[in-house]
There are 2 protein chains.
Amino acid sequence: MAKARVAFSSKEEKYRRVPKMSEIKYPEDVAYLHFCSNNTIEGTQFQEFPETGKVPLVADMSSDMASRRLDFKNFSLIYAGAQKNLGPAGVTLIVIRNDFLAKAKQGLPTMFTYKTFTDSKSLYNTPPVFGVYIMKLVLEWVKSKGGLAGVEKINASKKDLLYSAIDTAADFYKGSAEKASRSWMNVTMRLPTEALEDKFVADAKKEGLLGLKGHRSVGGIRFSIYNAVSLEDIQKTVDFMARFPQVCLKSKMHNKPK
Amino acid sequence: MAKARVAFSSKEEKYRRVPKMSEIKYPEDVAYLHFCSNNTIEGTQFQEFPETGKVPLVADMSSDMASRRLDFKNFSLIYAGAQKNLGPAGVTLIVIRNDFLAKAKQGLPTMFTYKTFTDSKSLYNTPPVFGVYIMKLVLEWVKSKGGLAGVEKINASKKDLLYSAIDTAADFYKGSAEKASRSWMNVTMRLPTEALEDKFVADAKKEGLLGLKGHRSVGGIRFSIYNAVSLEDIQKTVDFMARFPQVCLKSKMHNKPK
């Protein structure tokens with residue numbers, strides 16, 4: 001059984017930030033350094049990546065793969081469930097360096113060894129063909145948007161609009177994540193009271209803005225703005241956000257609870 | 001590492017039959033007896049199931065699950081990839097007895113232990129939701145056909161039509177599997193020559209009958225007649241089969257190769 005060592009945790013700060021690169025501490029004899037590039041629950045994201053020298057870098061990019069340009073050369077292994085930016089749940093994208101593949105432990109169960117899949121060109125077993133086909137269509141769509149550079153530009157505009165809507169009404173909306181750690185994919189915030197958060201979700205729903213309730217483990221509001229969400233969708237959202245505090249003021253809900 | 005013992009094999013007979021129940025031999029101290037209920041390549045199928053007494057019975061039913069009625073009480077574990085009769089590839093159906101589940105080896109990797117999935121109501125990880133949804137629609141369709149009893153009746157008619165078409169032209173078509181082992185799902189046959197088999201596949205294609213080429217490892221002709229294939233489709237197929245030998249006689253292809 002392998003032993004894991006924690007190179008950084010912001011648990012004490014309720015996970016509201018990712019580390020500065022200088023804060024990451026790990027022994028030099030580790031097999032690899034693992035991190036998750038985007039935290040969908042708290043709404044944090046690595047904007048730069050650890051430089052690990054000879055230590056292989058491994059990343060779970062399930063929730064921000066294909067949202068921005070990426071220098072694959074820095075990674076030994078990237079894995080990403082498709083269900084955010086790539087296609088339907090049930091497909092997983094794996095990018096692995098040959099030299100890292102060669103170092104894999106022998107004797108693992110067949111389906112737990114990436115070599116099984118590289119040796120068979122990902123056709124060891126019947127693949128989830130529908131999901132793979134949809135992923136092809138999604139990647140063609142990404143291409144039509146100008147590739148990752150084009151998608152990145154749209155995503156930058158989307159998150160800028162949302163965070164700006166939060167920060168310009170900072171007495172009402174409070175971003176959950178530390179500014180330097182803010183996610184481009186999951187924008188999280190709190191309102192003055194939970195009652196107001198419930199009203200926010202309900203009123204937004206009436207305008208066709210769905211799924212804004214934060215993850216059940218943390219509450220609050222969460223905008224999950226994966227590639228499929230358009231700039232127009234975000235514009236509609238920030239228009240609603242600009243109106244909402246006024247609506248609450250009029251209905252006298254904007255008082256702090258006693 | 002567990003050791004497998006072969007309880008029966010028809011390898012010497014090119015897998016053209018499944019065992020008679022009396023032929024199955026295995027030691028009494030085995031953890032379970034495993035068999036695959038339908039062989040898609042050779043076109044054989046178990047029409048009755050081993051009675052194993054206290055030895056748990058485990059079956060891979062990937063290619064005939066939901067094609068006929070089944071007494072689940074006889075099995076400790078049934079597993080079936082969805083992609084034949086249930087839905088798109090990427091979903092797997094598992095039916096497991098609680099007492100068999102309790103006997104599972106401890107310390108296996110999380111994703112290799114059925115307990116992970118029973119404990120979490122199959123929601124340990126993000127499930128392949130599209131496939132699960134399609135499976136729901138397929139099961140509703142099965143219900144609309146009169147449930148498994150209704151589907152079984154249709155499937156019986158389908159295979160009767162096809163095997164009858166083979167046997168009534170026995171000088172031309174030769175069923176690959178032994179009669180008692182014939183599959184309801186994959187009907188396999190040979191023609192006098194491979195050239196005729198190629199012509200059969202090509203001519204059938206012109207009439208909209210697709211995918212009749214046998215598995216690349218065995219050749220010949222294979223009709224895969226899963227639930228989605230209708231009785232009308234089969235009627236069209238046997239009409240073509242009745243005409244085909246005459247067409248070949250006229251074109252003088254029906255001579256044995258020199």
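**Strand pairing, salt bridges and internal spaces in a predicted two-chain model**

In chain B, B:Lys174 stands opposite B:Arg190, a residue of strand 8. The structure described here is a predicted model. The pairing of these two residues belongs to the contact between strand 7 and strand 8 (residues 186–190) of chain B, which run antiparallel and are joined by two bridges. Both strands form part of an open sheet of three strands in chain B, with the order 7-8-9 and antiparallel pairing. Strand 7 (174–175) and strand 9 (221–224) of chain B occupy the edges of the sheet; each has a single partner strand, so one side of each is left without a neighbour in the sheet. In general, the strands of a sheet pair through backbone hydrogen bonds, in either a parallel or an antiparallel manner.

Salt bridges were examined next. Over all chains, the count comes to 32 salt bridges. In chain A, the side chains of A:Lys159 and A:Asp160 meet in one such bridge, with an N to O distance of 2.9 Å. The two partners differ in their burial class: A:Lys159 has a relative accessible area of 17% and is therefore buried, the limit being under 20%, whereas A:Asp160, at 42%, is partly exposed. Chain A also contains a network of salt bridges that links A:Glu13, A:Arg17 and A:Glu23.

In chain B, B:Asp71 forms a salt bridge with B:Lys73, and the closest N and O atoms of this pair are 3.5 Å apart. B:Asp71 is partly exposed, with a relative accessibility of 35%. B:Lys73 has a relative accessible area of 67% and is therefore exposed, a class that requires a value over 50%. A further salt bridge of chain B joins the side chains of B:Lys199 and B:Asp203, at 3.2 Å from N to O. Both residues of this pair lie in helix 5 (residues 194–206) of chain B, where they are four residues apart, about one turn of the helix. B:Asp203 is buried, its relative accessible area being 14%.

Two loop residues illustrate opposite surroundings in terms of accessibility. A:Lys213 is located in the loop between helix 5 (194–206) and strand 9 (221–224) of chain A. With a relative accessibility of 55%, A:Lys213 counts as exposed. Leaving out residues up to four places away in sequence, A:Lys213 touches A:Asp198, A:Val201, A:Gly220 and A:Arg222. A:Lys213 and A:Gly90 are separated by 123 residues in sequence and by 24 Å in space, C-alpha to C-alpha.

B:Ser37, by contrast, is buried, with a relative accessibility of 1%. B:Ser37 is placed in the loop between strand 1 (33–36) and strand 2 (38–39) of chain B. Apart from its neighbours within four places in sequence, B:Ser37 is in contact with B:Thr44, B:Gln45, B:Phe46, B:Phe49, B:Asp60, B:Met61, B:Asp64 and B:Arg68.

The model was also examined for internal spaces. Three cavities of 30 Å³ or more are counted. The largest cavity has a volume of about 100 Å³. It is lined by 14 residues, and those closest to its centre are A:Ala89, A:Gly131, B:Ala89, B:Pro128 and B:Gly131. Helix 3 (129–144) of chain A and helix 3 (129–144) of chain B each supply at least two residues of this lining. In composition, the lining of the largest cavity comprises 10 nonpolar and four polar residues, with no charged residue.

The second largest cavity contains about 50 Å³ of space. Its lining consists of B:Met61, B:Asp64, B:Met65, B:Ala66, B:Ser67, B:Arg68, B:Arg69, B:Leu70 and B:Leu148. Five of these residues are nonpolar, one is polar and three are charged. Of this lining, B:Met61, B:Asp64 and B:Arg68 are also among the contacts of B:Ser37.

Among the pockets, the second largest holds about 510 Å³ of space. Its lining numbers 16 residues, and A:Thr40, A:Ile41, A:Lys84, A:His215 and B:Thr126 lie nearest its centre. The lining of this pocket divides into five nonpolar, seven polar and four charged residues.

Technical notes
Residues numbered from 1 in each chain as written. Chains lettered and ligands numbered in written order. Predicted model: local features only at pLDDT ≥ 70, side-chain atom pairs only at ≥ 80, totals over all residues. Heavy atoms only, no water. 1 Å grid on protein atoms, 1.4 Å probe; cavity = no way out; pocket = protein on both sides within 12 Å on 5 of 7 lines; lining within 4 Å. Points joined across faces, edges and corners; volume = space filled by probe spheres on them. Nonpolar A, V, L, I, M, F, W, Y, C, P; charged D, E, K, R; others polar. Salt bridge = Lys/Arg side-chain N within 4 Å of Asp/Glu carboxyl O. Buried < 20%, exposed > 50% of the residue type's maximum accessible area, 1.4 Å probe, protein only. Contact = heavy atoms within 4.5 Å. Pairing = 2+ DSSP bridges.
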